[in-house]
Amino acid sequence: MPRRYDPDRRQRIVEAAIRVVGERGIAGLSHRAVAAEADVPLGSTTYHFASLDDLLMAALRQVNGEWLAGIEAWARGVDPAAPLADELTRLVEESLAGDRAQVELEYELYLAALRHEAVRPLAAECLDTMAELLQRRTGDPGIARALVGLIDGLMLQHLLTGRKFDRAETRDAVARVLG
């Protein structure tokens, strides 16, 4: 039987891996699960991704790319006359008001770097890009890094506790870091 021409197969596998992680977490990621989700033969996943770390990196790269595009769009839309504390509070609020499953997926992949050393550079790239965007506005790399840490912490706390978003509390925390 001739080989079927399927130029989008690799991308479908990556998208299937993202769905698997979104539904089952990192622990549920396997070549078999992804092959079933992508509706491709098991050999296709191992052909395109020799290891699960390779597959995880591809999934994280795609999710990071989408997230960074959103952050860059936010940065372009920031009103230069508005206080940065207000704009960052809006970013956190809009992120948490959006698709919770998407935010959970982003953090699941981001935190995968704790156990999968191969994906750490991709996670670090996200942190660095966010810090660079904030440094343009603050002029201070230390404050920019502190803001990235605060935003991540606030987002994770919200996801973990299910607490209602408190705009005033968030704005106050951001304003304190900004000085």
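The helix α2, which spans residues 31–38, has as its buried residues His-31, Ala-33, Val-34, Ala-35 and Ala-38, where buried means under 20% relative accessible area, exposed means over 50%, and partly exposed covers what lies in between, using a 1.4 Å probe and protein chains only. Helices here are DSSP runs of H or I with at least four residues, strands are runs of E with at least two, and both are numbered from the N terminus. This is a predicted model, in which local features need pLDDT of at least 70 and side-chain atom pairs count only at pLDDT 80 or more, while totals for chains, interfaces and linings use all residues. Residues are numbered from 1 along each chain as its sequence is written, and side-chain values use heavy atoms, with hydrogens and water left out.

**Around helix α2**

The buried residues of α2 are covered by elements that include α1 (9–24), α3 (42–48) and α4 (52–77). After α2 comes Asp-39, which has a positive phi, near 60 degrees. A view from the neighbouring helix adds to this picture: Thr-45 has its place in helix α3, and it counts as buried because its relative accessible area is 0%. Leaving aside residues up to four places away in sequence, Thr-45 touches Ile-13, His-31, Val-34, Ala-35 and Val-40, a contact being heavy atoms within 4.5 Å.

**Salt bridges**

In general, side chains of opposite charge can pair when their charged atoms come close. A salt bridge is counted when a side-chain nitrogen of Lys or Arg is within 4 Å of a carboxyl oxygen of Asp or Glu, and a search of the whole structure finds nine of them. Three are set out below.

| Salt bridge | Closest N and O atoms |
|---|---|
| Glu-37 and Arg-19 | 2.7 Å |
| Arg-90 and Glu-94 | 3.4 Å |
| Asp-172 and Arg-176 | 2.9 Å |

The pair of Glu-37 and Arg-19 links distant parts of the chain, since Glu-37 belongs to helix α2 and Arg-19 to helix α1, 18 residues apart. Glu-37 counts as partly exposed because its relative accessibility is 28%, and Arg-19 is likewise partly exposed, with a relative accessible area of 34%.

Arg-90 and Glu-94, by contrast, are four residues apart in helix α5, so about one helical turn separates them. An α-helix has 3.6 residues a turn, so residues three or four places apart point the same way. Arg-90 is partly exposed at a relative accessible area of 25%, and Glu-94 is partly exposed at 46% relative accessibility.

Asp-172 and Arg-176 are also four residues apart, in helix α9 (residues 167–178), and are separated by about one helical turn. Asp-172 is partly exposed, with a relative accessible area of 37%, whereas Arg-176 counts as exposed at 64% relative accessibility. Elsewhere, Glu-87, Arg-90 and Glu-94 are joined into one network by salt bridges that share partners.

**A buried charged residue**

Glu-106 lies in helix α6. Glu-106 is buried yet has no salt bridge, and the nearest side chain of opposite charge, that of Arg-100, is 12 Å away; in this count Lys and Arg are positive and Asp and Glu negative, with His and the chain ends left out. Not counting residues up to four places away in sequence, Glu-106 touches Val-63 and Trp-67.

**Cavity and pocket**

On a 1 Å grid over the protein atoms alone, a cavity is a set of points where a 1.4 Å probe fits but cannot get out, a pocket is an open set with protein on both sides within 12 Å along at least five of seven lines, and lining residues have an atom within 4 Å of a point. Grid points are joined across faces, edges and corners, and a volume is the space filled by probe spheres set on the points.

The largest cavity has a volume of about 260 Å³. Of the 17 residues that line this cavity, those closest to its centre are Trp-67, Glu-106, Tyr-107, Tyr-110 and Asp-152. Its lining divides into 13 nonpolar, two polar and two charged residues, where Ala, Val, Leu, Ile, Met, Phe, Trp, Tyr, Cys and Pro count as nonpolar, Asp, Glu, Lys and Arg as charged, and the others, Gly among them, as polar.

The largest pocket has a volume of about 280 Å³. Of its 18 lining residues, the closest to the centre are Glu-104, Leu-105, Tyr-107, Glu-108 and Leu-111. Helix α6 gives the most to this lining, with seven residues.
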